[in-house]
Amino acid sequence: MNPTTRPRWQPCKYIHPQERFATANGFFTAGVSRLRSAPAEDIDGKTNMLIFEHSHTGRRALAQSPQLNADVSDIPVDFLRTEAPGMPEVSELQVVRHYTRLSQKNFSIDTQFYPLGSCTMKYNPRACNTLAMLPGFLARHPHAPVSMGQGFLACMYELQEMLKDVTGMKAVTLTPAAGAQGEFTGVAMIRAYHDANGDTVRNEILVPDAAHGTNPATAVMCGYKVHEIPTDRQGDVDMEALRAAVGPQTAGIMLTNPSTLGVFERRIKEIADLIHEAGGLLYYDGANLNAILGKVRPGDMGFDVIHMNLHKTFSTPHGGGGPGAGPVGVSKRLEPFIPLPVVGHDGDEYYWITEDVRPQSIGRLSAFMGNAGVLMRAYIYARMLGREGMHRVADFATLNANYLMARLTEAGFQVAYPGRRATHEFIVTLKRQQKELGITAMDFAKRLLDYNFHAPTTYFPLLVPECLLIEPTETETREELDAFVEAMIKIQQEAENSPELLKEAPHTQPVRRLDEVRAAKQLDLVWSA
Amino acid sequence: MPFIPHSETDIREMLAAIGVDNIDALFDEIPANLRMDKLTGVPEGLIEQDIARLMMERAEADGRPLCFMGAGSYDHHIPAAVWELTTRGEFYSAYTPYQAEASQGTLQLIYEFQTMMTQLTGLDVSNASLYDGASGLAEAILMAVRANRKSKSRRILVPTTVHPDYRRTSHTIVHNQNIELIEVPYSPEGGHTLAESLQPYEGEDIAALVIQHPNFFGILEDVDLLTDWAHRQGALVIAVANPVSMALLKPPGAWGESGADIACGEGQPLGVPMMGGGPYFGFMCCKKDYVRQMPGRIVGRTIDRDERVGYTLTLQAREQHIRRSKATSNICTNQGLLVTAATIHMALLGAEGLKRVAQACHANTRKLVAALTASECVEAVFNRPYFHEAALRISLPLENVMRPLHAHNILPGYALTKDYPELGDALLVCATELRSDADIETYAGHLGRVIEKQTAAGCPVKPKMA
């Protein structure tokens, strides 16, 4: 870029709400002119103004900040900002009203059934939030000495211990901030293990084609090549292909079990032996841990390293896209490489395990110890469930999924793997509807929104055409499942009789189907007057 | 059964609909030899009143100390409305906004957040957040290597004035991709990065220079000079900045002739409690030319079929769920709930409120420095202008000073001894807008008495370092 031609950055200017569409424009100006005539209301007639458009020069929420401009004259003027950033100037009531209204434009677990496959949208108990937000925990500085954090550290240590037990692993680190960072941790440890053994020819990670996209992306971030393994007709890993792929170049395999196809990988022991004999290690993607919680443990299946998504299995909130938490469990041979810090306990005091004790650690993954407040919520959940409750999670998640699968099958829907048990989730394929009626999985998904159900996961896994991946979780009532089946039956009838209802859906949301091509081509990522 | 709603009748009828006798039969595909016994490491379940009692006891035990510690996590006032709104179920329990029509609340909020962050940083575009400041820097480094078309290098200059844990985290995340992080030393007098320290790399192929400003010591870097040097070398500039500081200080987009190329940092000071270190959020902004190299989610404004304004995730072709092994990052989730809090926080404070917070933090830290260095045993380590945070050297073993202060429920600061042993017994202190004059006096008073006790014959017990 030529620095002389780049315009100097300018703060945005404010406009009065009445003028908002006369001057509203996107950052990248091409084609945004059409927005000028756009309605200022959503379908329900409520305003869709931005917080900036509520702004009025000189208005402030004065209770929120220090009353005086303190003296900072010691800072040389060259370092100071010359123009204020363009932020809204609004009252506290305007802020509260604006964001309350925005919240009402969302679907959420608290307001709707959310059968989103592979996402485990179970109830997020209120106590977990209230108790994790006690003032003593919120006020804890991450570098406070352990003597001033024994209460916090006790919770973290006990969470590590419980996660070890439910996964059957030797050690657990809580620090990865999300599932994808947990995956990174796992594969980075696999690499550190091979490197420590002087085993540097291993340059390949095996990933089944049904895997989450994060799996291959992670392997690449750790400097590995990805070798995809196909799936057989029954939804299991294709053993022939796997045998052919395994070799001295194999660093490891990343597996989700049950897989994203909603079935349990029955030959897991055989796979584990095959990989281990070749000198590779097994990585368990814990996305679907809810299906087996209290039934079978990844450690007992032969996995060397596993990540858990606490925002799925341990009911911490999804928060509109995070924060997650992705603790990682390891077998004995990977323990030296575990990322830091980890909480230790000497019988008397809780303390941090750091680089001094674990010189081979792959290192740190965040400035402190990951998403502590999320871990606290998971801890509270685990203590409330207790041993008996933990054993019941998979039971009832599986009962709900199989019931829903049976009812949808009875209603004429085609499931992707009819000969198999559903785990905590299953796949319906709409390829017949697509062929005969021209109705896609997306059309079904969007129409479900009109019936006040969140759509299941669509077009994932990529292997099954026109798929809906459905995961009801254990916290839904039978009545809710029945209502969902009724909605699916009605939508099927609509697909046959008035398909435009589906093609044009949704009809009842704040907006109708959005122009995503335009969003990507005529980028409008920030507002300016 | 906590959180499981099934009655005995439900179970019986549901099993009949499936065509099995009991729940256990649903697990008949799991090989019998893999089935686990009873859990042993999980205690009996607690009802809500019992877990509440336990958690209250533990929270109390941690004491809510008087905090003079910063080093990446800051004790700011958070308006009551921020978390009242953020923990509304519709924000708290919503999923990632893939179904745009049913997620307009979250999507519009992120669009507002992106706008606010570009205003703060003075750059063109923003993503929807990353995990935290440290991993955000790692992502910025990976991004700079991809984005810098002029450079074939995988070498990044990282001054040692960048937060030590940010440097450690970046190393963990980028080293497997053969990216080399080269340390650049700081001035022992000023605590900042000198142009001379960059001389050895003059004319070399470097992908990017990282500048933390204010730096880890709170010292103001010569950002214009460093930025222009990097651009002359064909290197990109990655700014690491405290968002509160940007309300007062010149933003990264205005550094030097043409501004930093990428700005990232820790979003915690914008409405997120310290909470033991997380969840926080990393922010990232950049010049618009690099938007396609950005990691993480990005929200765009578009129109629906009736030409009504709406919001959606965009540029998803960069991301792992589409691109798989060719994605810009493996990142999937971001820190949505924290972005919700930060957006509401910024809306409430506005530009003037944020600036006043920055001013008050700085003025309080100056008062603190004055109060503490009134003791002959305490001196400022560096002689350059600083913001909001300062390094002090104590002419006593640091441990002996800190422990008694902890006993008085004071967090006296962050000990620099582990990361910067060359500075001697040095402490990084900070007083946010929440610290009153009385708080500062309390700290100075206790410190004075501790020093007195430790040095019955007066001070200093060992010569001050040059």
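The following exercises, each with a worked solution, concern a predicted model with chains A and B.

**Exercise 1. The interface between the chains**

Determine how many residues of chain A are in contact with chain B, and which helix of chain A gives the most to that side.

Solution.
1. Count the contacting residues on both sides: 185 residues of chain A meet 171 residues of chain B.
2. Assign the chain A residues to elements. Helix H12 of chain A, residues 372–410, gives the most, with 23 residues.
3. Sort the side of chain A that touches chain B by class: 98 residues are nonpolar, 48 are polar and 39 are charged.

**Exercise 2. The seven-stranded sheet of chain B**

State the strand order of the open sheet of seven strands in chain B, and identify its edge strands.

Solution.
1. Read the order across the sheet: S2-S8-S7-S6-S5-S3-S4 of chain B, with mixed pairing.
2. Find the strands that pair on one side only. These are strand S2 (125–126) and strand S4 (180–184) of chain B.
3. Examine one pair within the sheet. Strand S5 (residues 208–212) and strand S6 (residues 236–240) of chain B run parallel and are joined by five bridges.
4. Fix the register of this pair: Ala208(B) stands opposite Leu236(B) in S6(B).
5. Add the helix that lies across S5 and S6 of chain B. Helix H9 of chain B, residues 223–232, runs at about 170° to S5(B).

**Exercise 3. The surroundings of Gly252(A)**

Decide whether Gly252(A) is buried or exposed, and list the residues that Gly252(A) touches beyond four places in sequence.

Solution.
1. Locate the residue: Gly252(A) belongs to strand S5 of chain A, residues 250–255.
2. Apply the burial criterion, which requires 20 or more other C-beta atoms within 10 Å. Gly252(A) has 28 such atoms and is therefore buried.
3. List the contacts, leaving out residues up to four places away in sequence: Ile190(A), Ile205(A), Ile275(A), Gly280(A), Leu281(A), Leu282(A) and Tyr283(A).
4. Consider also Asn203(A), 49 residues apart from Gly252(A) along the chain; their C-alpha atoms are separated by 9.3 Å.

**Exercise 4. The domains of chain B**

Give the domain division of chain B and describe the contact between its two domains.

Solution.
1. Take the bounds from the domain assignment: domain 1 of chain B comprises 66–71 + 351–454, and domain 2 of chain B comprises 80–344.
2. Compute the separation of the C-alpha centres, which is 29 Å.
3. Count the residues in the contact: domain 1 of chain B supplies 20 residues and domain 2 of chain B supplies 15 residues.
4. Identify the elements giving two or more residues on the domain 1 side, namely helix H11 (336–373) and strand S12 (390–394) of chain B. H11(B) gives the most, with seven residues.
5. Classify this side of domain 1 of chain B: 13 nonpolar, three polar and four charged residues.

**Exercise 5. Backbone angles in loops**

Where is Pro461(A) found, and what is the phi of Ala71(B)?

Solution.
1. Place Pro461(A) in the loop between strand S13 (457–458) and strand S14 (467–470) of chain A. The peptide bond from Phe460(A) to Pro461(A) is cis, with omega near -5°.
2. Turn to Ala71(B), which is not a glycine but has a positive phi of about 55°. Ala71(B) lies in the loop between strand S1 (66–67) and helix H3 (80–86) of chain B.
3. Check burial: Ala71(B) is buried because 25 other C-beta atoms lie within 10 Å.

Note on methods: Residues numbered from 1 in each chain as written. Chains lettered and ligands numbered in written order. Predicted model: local features only at pLDDT ≥ 70, side-chain atom pairs only at ≥ 80, totals over all residues. Contact = placed C-beta atoms within 7 Å. Helix = DSSP H or I, 4+ residues; strand = E, 2+ residues; numbered from the N terminus. Nonpolar A, V, L, I, M, F, W, Y, C, P; charged D, E, K, R; others polar. Pairing = 2+ DSSP bridges. Axes fitted to C-alpha atoms, helices over the stretch in contact; angles between N-to-C directions. Buried ≥ 20, exposed ≤ 12 C-beta atoms within 10 Å, placed from the backbone. Domains from an automatic or database assignment.
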